[in-house]
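Trainee: Could you take me through one part of this model slowly, residue by residue? I would like to see how one side chain fits in with what surrounds it.

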Amino acid sequence: NFPLVSISNGNACTKSIGIGQYFQYSISAADAIKPKPDKSMFLLACEKLQIQAEQLIHIGDSIRYDIEGAYQAGCRSIWLNQDGEVVLNHQAEVVIKQLSELLDFDLSR
């Protein structure tokens, strides 16, 4: 129901690992001015999708790179905290332990 964009500081190619068909765009650090947590990768995703920053929901597993970066860009975020890490005062809107938990949320608001 939502267009997907992969945002990675690495150089993984979604097509070569067999998941490219699920993403409209893939953005690597080489595509943006600076890597995450800089806001440029998130804003580039917004530009490609032609949406405002507050309409983007970033799902990431790193508080520093994903959640803080999304927050700095004005985007919403969901922290995939698979290890049960305890972090106080984070900026994630939602914390999940596995991706299947996304089915329980209304992400359209």
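Mentor: Let's begin with Asp66 and its contacts: apart from neighbours within four places in sequence, Asp66 is in contact with Lys36, Phe42, His58, Gly60 and Asp61. Please keep in mind that this is a predicted model. Asp66 sits in helix α2, which spans residues 63-73. Its relative accessible area is 5%, and because the cut-off for buried is under 20%, Asp66 counts as buried.

Now look at what the Asp66 side chain does with its polar atoms. One partner is the side chain of His58, with which Asp66 makes a polar contact at 3.0 Å. Another is the backbone nitrogen of Asp61, which the side chain of Asp66 reaches at 3.1 Å. The side chain of Asp66 also meets that of Lys36 in a salt bridge, 2.6 Å from N to O. Asp66 belongs to helix α2 and Lys36 to the loop between β2 (25-28) and α1, so this pair ties together parts that are 30 residues apart in sequence. Lys36 is buried too, with a relative accessible area of 8%.

Stay with Lys36 for a moment, as its backbone deserves a look. The peptide bond that joins Lys36 and Pro37 is cis, with omega at about 15 degrees. Pro37 is placed in the loop between β2 and α1.

Next, step back to the helix that carries Asp66. The buried residues of α2 are Asp66, Ile67, Gly69, Ala70 and Ala73. Viewed down the axis of α2, these buried residues fall within an arc of 160 degrees, so they line one face of the helix. The elements covering the buried residues of α2 include α1, β3 and β4. The helix lies across β3 and β4, and α2 runs at about 160 degrees to β4.

Both ends of α2 have something to show. At its start, a side-chain oxygen of Ser62 reaches to within 3.4 Å of the backbone nitrogen of Arg64. Just after α2, Gly74 takes a positive phi of about 85 degrees. Gly74 also brings in Glu54, which is found in the loop between α1 (40-49) and β3 (57-60). Leaving aside neighbours within four places in sequence, Glu54 is in contact with Gly74 and Arg76. The C-alpha atoms of Glu54 and Ala73 are separated by 8.6 Å, with their positions 19 residues apart along the chain.

That takes us to the sheet. It is an open sheet of three strands in the order β3-β4-β5, with parallel pairing. β3 and β5 (94-96) are the edge strands, each pairing on one side only. From one strand to the next, the twist averages 20 degrees. Four bridges join β3 to β4 (residues 76-80), and these two strands run parallel. One of the positions to pick out is Ile57, whose bridge partner in β4 is Arg76.

Arg76 is worth following further. With a relative accessible area of 13%, Arg76 is buried. Arg76 forms a salt bridge with Glu93, where the closest N and O atoms are 2.9 Å apart. This pair links distant parts of the chain, with Glu93 in the loop between β4 and β5 and Arg76 in strand β4, 17 residues apart. Glu93 counts as partly exposed, at 36% relative accessibility. A search of the whole structure finds two salt bridges.

Strand β4 also holds Ser77. Ser77 is buried, with a relative accessible area of 2%. Not counting residues up to four places away in sequence, Ser77 touches His58, Ile67, Ala70, Gln91, Ala92, Glu93 and Val94. In that list you will recognise His58, the polar partner of Asp66, along with Ile67 and Ala70 from the buried residues of α2.

Finally, two loop residues stand out for their backbone angles. Gln50, in the loop between α1 and β3, has phi near 60 degrees, a positive value in a residue other than glycine. Asn89, in the loop between β4 and β5, likewise has a positive phi near 60 degrees and is not a glycine. Gln50 counts as exposed at 72% relative accessibility, and Asn89 counts as exposed at 74%.

Definitions and conventions. Residues numbered from 1 in each chain as written. Predicted model: local features only at pLDDT ≥ 70, side-chain atom pairs only at ≥ 80, totals over all residues. Heavy atoms only, no water. Contact = heavy atoms within 4.5 Å. Polar contact = N/O pair within 3.5 Å; in protein donor to acceptor, adjacent residues only side chain to side chain. Pairing = 2+ DSSP bridges. Axes fitted to C-alpha atoms, helices over the stretch in contact; angles between N-to-C directions. Salt bridge = Lys/Arg side-chain N within 4 Å of Asp/Glu carboxyl O. Buried < 20%, exposed > 50% of the residue type's maximum accessible area, 1.4 Å probe, protein only. Arc of directions from axis to C-beta.
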